[in-house]
Amino acid sequence: MAEHDLSLIAPLTPSPSAWVECVLDDFDTFLCDHASAEKKASGMAMNVAAHYPDQPELLAAMVDLAVEELGHYREVMRLILARNLVPRADTKDPYVNRLNQQVRRGTANFLLDRLLVAAVVERRGAERFALLAAALEDPALRKFYQAIARSENRHWELFIELAETHCDKQAITPRFVELNEFEGELLLGLPIRSSLH
């Protein structure tokens, strides 16, 4: 199953246009949230790696992903410091927290759900970073967010590939459709903020 097949089966609910306007109106706040999101993504990958030391392919993929996400964190922090901003303390992300609550416990479903929830989150990130890149006037920032969008797209494909390798293939599509529908309703129900989610 290719990720483009899932894109057809489970189309992404579009982000409201007001989200881009909100981010552009308070870009400094967005940058701080983006940095936090990259740091948390690196931590999530390391958590999965620590949970599955007996699965070398999964372990290697998660270590590589953790390093890449940490590199993104470094790049966003450079943007923050170049603007003479004071980085903000991490806050809980209601979007990610609600999605993580959908992860079923028990060995049969836990890995599948963790991988698919991660795919859903990365897929949304790819969409939002691309929207932001298209709206930014600064050429350097536009180029940066275009690159980040491409990375997020690769990441959600990676999580689907890992699910195909390590989980029941027959369970992937129906569960992804279910999580995608939940994510779309969640996204539209949350207040619009100058944040990634």
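How do the residues of the lining of the largest pocket divide into nonpolar, polar and charged? The points below take up this question and then turn to the smaller spaces, one helix and two cysteines.

1. Basis of the note. This is a predicted model, in which local features need pLDDT of at least 70 and side-chain atom pairs count only at pLDDT 80 or more, whereas totals for chains, interfaces and linings use all residues. Residues are numbered from 1 along each chain as its sequence is written, and side-chain values use heavy atoms, with hydrogens and water left out.

2. The largest pocket. Its lining divides into eleven nonpolar, seven polar and eleven charged residues. Here Ala, Val, Leu, Ile, Met, Phe, Trp, Tyr, Cys and Pro count as nonpolar, Asp, Glu, Lys and Arg as charged, and the others, Gly among them, as polar. The volume of the largest pocket is about 570 Å³. Of its 29 lining residues, Lys 40, Met 44, Val 96, Asn 100 and Val 121 are the closest to the centre. Helix 3 (27-51), helix 5 (94-100) and helix 6 (107-135) are the elements that each give two or more residues to this lining. Helices are DSSP runs (H or I, at least four residues), numbered from the N terminus.

3. Terms for the spaces. On a 1 Å grid over the protein atoms alone, a pocket is an open set of points with protein on both sides within 12 Å along at least five of seven lines; a cavity is a set where a 1.4 Å probe fits but cannot get out; lining residues have an atom within 4 Å of a point. Grid points are joined across faces, edges and corners, and a volume is the space filled by probe spheres set on the points.

4. The second largest pocket. About 170 Å³ of space lies here. Its lining comprises two nonpolar, five polar and four charged residues, including Cys 32, Asp 33, Arg 88, Asp 90, Arg 193 and Ser 195.

5. The cavity. One cavity of 30 Å³ or more is counted, and its volume is about 30 Å³. Asp 93, Pro 94, Tyr 95, Leu 190, Pro 191, Arg 193 and His 197 line it, a set of four nonpolar, one polar and two charged residues. Arg 193 is thus listed both here and in the lining of the second largest pocket.

6. Helix 6. Of the 29 residues of helix 6, 22 are buried, so the helix is largely enclosed by the rest of the structure. Buried means under 20% relative accessible area, exposed over 50%, and partly exposed in between (1.4 Å probe, protein chains only). Arg 123 is found in helix 6 and, at 6% relative accessibility, counts as buried. Leaving aside residues up to four places away in sequence, Arg 123 touches Leu 6, Ser 7, Ala 10, Pro 11, Leu 12, Trp 156, Phe 176 and Asn 180; contact means heavy atoms within 4.5 Å.

7. The cysteines. The count of disulfides (pairs of cysteine sulfur atoms within 2.5 Å) is zero. Cys 22 is in no disulfide, and the nearest cysteine sulfur, that of Cys 32, is 14 Å away. Cys 32 is buried, with a relative accessible area of 9%, whereas Cys 22, at 23% relative accessibility, counts as partly exposed. Cys 22 is found in helix 2 (residues 17-25). Apart from its neighbours within four places in sequence, Cys 22 is in contact with Ile 192, Arg 193 and Ser 194. The C-alpha atoms of Cys 22 and Ser 195 are separated by 8.8 Å, although these residues are 173 residues apart along the chain.
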